[in-house]
Amino acid sequence: MEITVPVSDMQALIKRLKPAINWRGALPVLTGMRIHSDGKVATAMTTDLELTIESTVNAEVNGKGGTMVVPFNPLTKFVGALNKTSSVTISQDIPAKGAAPIVTLASEQFSITMGGLPADEFPRVGLDKVD
């Protein structure tokens, strides 16, 4: 999965989702932002299991959509260092079935690669729709 978002939009998304990040939780996946996309919009979510925040952002989805969990702190620092007129590309690769995901954050200026968090471990809080 790979999405590209303008930096100004990503900064606004990070600001909206930050209150629900669990910085010291027992579940490492709670320190990440879940991003799901299956079209031109990416839906991001954070939760500390008491508070869940979900928001959307217009994104260019390269290839097929999917779901990934990006560590929030490195994402925040990376996006904060970018020029507001540029864009950020977030991509995930899973090298083998059962292997830990690899996340790459890239811009026109620089890129970083780091370990991602398993999307299937992200709590289903707010993900089930009630009819």
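**Entry 1. The hairpin**

I began with a definition: two strands count as paired if DSSP finds at least two bridges between them. The model I examined is predicted. I looked first at strands E2 and E3, which a hairpin of three residues connects. I noted that E2 and E3 run antiparallel and are joined by four bridges. One of the residues I looked up was Ser37, whose bridge partner in E3 is Ala42.

**Entry 2. The four-stranded sheet**

Which order do the strands take in the open sheet of four? I read the order as E4-E3-E2-E6, with antiparallel pairing. Strand E4 (52–58) and strand E6 (66–71) are at the edges; each has a single partner strand, so one side of each has no neighbour in the sheet. From one strand to the next, I recorded an average twist of 25°.

I then went through further pairs. Strand E3 (residues 41–47) and E4 run antiparallel, with seven bridges between them. In this pair, Thr43 faces Thr56 of E4. Next I noted what H1 touches here: the helix packs on the sheet against strand E2 (32–37), E3 and E4. The direction of H1 makes about 170° with that of E4.

On the other side of E2 in the strand order is E6. I found six bridges between E2 and E6, again in the antiparallel sense. Ser37 appears here as well, standing opposite Gly66 in E6. I also checked how covered E2 is, and five of its six residues are buried. Helix H2 lies across E2, E3 and E6, and I recorded its direction at about 80° to E6.

**Entry 3. The five-stranded sheet**

I turned to the open sheet of five strands, which has the order E5-E1-E7-E8-E9 and antiparallel pairing. Which strands stand at its edges? They are strand E5 (60–62) and strand E9 (111–115), each of which pairs on one side only. Neighbouring strands in this sheet are turned against each other by 20° on average, direction ignored.

I looked up one pair in detail. Strand E1 (residues 2–6) pairs with strand E7 (residues 87–93) over five bridges, in the antiparallel sense. Within it, Val5 has Val88 of E7 opposite.

Two helices pack on this sheet, and I took them in turn. Helix H1 (residues 7–17) touches E1 and E7, and its direction makes about 95° with that of E1. Helix H2 (residues 72–80) touches E7, strand E8 (102–106) and E9, and its direction makes about 15° with that of E8.

**Entry 4. The two helices**

I reminded myself that two packed helices are described by the angle between their axes and the distance between the axes. For H1 and H2, I recorded axes that come within 10 Å and cross at roughly 140°. The crossing of H1 past H2 is left-handed.

Which residues make this contact? From H1, I listed Val7, Met10, Gln11, Ile14 and Leu17. From H2, I listed Phe72, Leu75, Thr76, Val79 and Gly80. Sorting the residues of the contact gave seven nonpolar, three polar and no charged.

**Entry 5. The cores**

I next examined the largest nonpolar core, which has 29 residues. Those that touch the most other members are Ile3, Met33, Ile35, Val70 and Ile90. H1 contributes the largest share of this core, five residues.

I followed Ile90 further. Leaving aside residues up to four places away in sequence, I found that Ile90 touches, among others, Met1, Ile3, Met10, Ile35, Val70, Leu75 and Val103. Another core, of five residues, lies apart from the largest one, and its members include Val29, Val69, Leu117 and Phe122.

**Entry 6. Val29**

I closed with Val29, a member of that second core. Where is Val29 found? I located it in the loop between H1 and E2. Is Val29 buried or exposed? Its relative accessibility is 3%, and the limit for a buried residue is under 20%, so Val29 counts as buried.

I then listed the contacts of Val29, again not counting residues up to four places away in sequence: Val69, Leu117, Pro118, Glu121, Phe122 and Pro123. As a last step I compared Val29 with Val79. I noted that the two are 50 residues apart in sequence and 20 Å apart in space, C-alpha to C-alpha.

Methods:
Residues numbered from 1 in each chain as written. Predicted model: local features only at pLDDT ≥ 70, side-chain atom pairs only at ≥ 80, totals over all residues. Heavy atoms only, no water. Axes fitted to C-alpha atoms, helices over the stretch in contact; angles between N-to-C directions. Contact = heavy atoms within 4.5 Å. Left-handed = near helix turned anticlockwise from the far one by under 90°. Nonpolar A, V, L, I, M, F, W, Y, C, P; charged D, E, K, R; others polar. Core = buried A, V, L, I, M, F, W, Y, C linked by side-chain atoms within 4.5 Å. Buried < 20%, exposed > 50% of the residue type's maximum accessible area, 1.4 Å probe, protein only.
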